Amino acid sequence: MKRVYSGIGGQAVLEGIMMMNKDKYAVAVRKPDKEIAVSEQKTESIAGKHKVCGWPFIRGIFSFINSLILGLKTITLSADMLGIEDDEEPSKFEAWLYEKFGDKTEKIIMDFAVVIALVFAVGLFMLLPMFISNLLKNVIKSDAVIALLEGLLRIAIFVAYIKAISFMDDINRTFMYHGAEHKCINCVELGKELTVDNVMNSSKEHKRCGTSFIIIVMIISILFFMVIRVDNLALRALSRILLIPVIAGVSYEFLRIAGRSENPIINILSRPGMWMQGLTTKEPTADMCEVAIAATEKVFDWKGFLTENFSELYPDGFPEPVEEEITDNTEITNSGLDAENL
């Protein structure tokens, strides 16, 4: 089946979806009154500022950091759009930050949250498996087997973590919106009109998913650590941390190729990531797919895309849209939260 790379990507947010295309992204959420609110924003990646950051094997590092920052930002934006407010009084530390840094405080807090998330991820998924596998060194003499065991423990901890949080209702709904996001992208990349029925009938797995990226990182880390052997435990822990950017860069390049290729070998190598998406994506409802379509249409001309890339299916193109007033079930808003340059 013909597939054409669209360049759009996204993520699930609180009761909604973010879709991104080039330097624009849109967040669409289903409000408590069942209306859809959409906010369009602009962003700029670090790679866009510095040419070296766009080089192969380097761009993956900055793409991952950008994804973390934008992910937290869009989750905050979706909370604002839903009217979720924090009624708690700011702590003394928060009050001091606002007094000291003013309008830059939110960006500082966001950057700090990214650092905390990275430290947590490195500790849980990189260092903990290493320490556990090290306990077996007296029983297992092969360094290669120890490295393999460490990698399998890393994947097992990740699976257990995802399974544990999926029991939370909010997380489960987020996984459903994650499925709607994938279905929407698959729909247009396979040449289908962006309708609720077509989106619902599309696959909820996609090769460019962040879940696939994480699994690829874990698999490639096994290969790296089977070759790079350090006896001293402290130095081994340091090597794990220092090699993360290298592994992320290699993993990103593979995911980049996979997202643009239907080569059978690439598809086979992509299967572990696709299987793992069964944990982080759930079948969405029709109204969730409506939210995904609203976010996509705000930043992506899918009709033009289909006309250009699937002309054999749409020889006459699509009629020009008739200007209509916004109906009661769709609300287009701008939250006022402008995206900071990443």
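Good morning. I begin with a charge over a ring: R260 lies over the face of Y5, 4.0 Å from the ring centre. The model under discussion is a predicted one. A second such placement is found for K2, which lies over the face of F310 at 4.7 Å from the ring centre.

I turn now to helix α5. This helix covers residues 143–165, 23 residues in total, and reaches 33 Å from its first C-alpha to its last, close to the 33 Å expected at 1.5 Å a residue. Its buried residues are I146, A147, E150, G151, R154, I155, I157, F158, I162 and I165. Which helices do the buried residues of α5 pack against? They pack against α4 (105–134), α6 (169–189), α8 (210–227), α9 (233–242) and α11 (264–280).

The contact with α4 leads to the aromatic rings. The structure holds 8 aromatic pairs. One of them joins F120 and Y161 in a tilted arrangement, with 6.3 Å centre to centre and 55° between the planes. F120 lies in helix α4 and Y161 in helix α5, so this pair ties together parts that are 41 residues apart in sequence. Both rings are partly exposed: F120 has a relative accessible area of 46%, and Y161 has one of 33%.

F125 and F158 form an edge-to-face pair, at 5.8 Å centre to centre and 70° between the planes. Here too a residue of α4, F125, meets a residue of α5, F158, so the pair ties together parts 33 residues apart in sequence. Are these two residues buried or exposed? F125 and F158 are both buried.

To conclude, F120, F125, F158 and Y161 form one aromatic cluster. Thank you.

Technical notes: Residues numbered from 1 in each chain as written. Predicted model: local features only at pLDDT ≥ 70, side-chain atom pairs only at ≥ 80, totals over all residues. Heavy atoms only, no water. Helix = DSSP H or I, 4+ residues; strand = E, 2+ residues; numbered from the N terminus. Expected span 1.5 Å × (residues − 1). Buried < 20%, exposed > 50% of the residue type's maximum accessible area, 1.4 Å probe, protein only. Contact = heavy atoms within 4.5 Å. Phe/Tyr/Trp six-rings, centres within 6.5 Å; stacked < 30°, edge-to-face > 60°. Lys NZ or Arg CZ within 6 Å of the ring centre and 35° of its normal.
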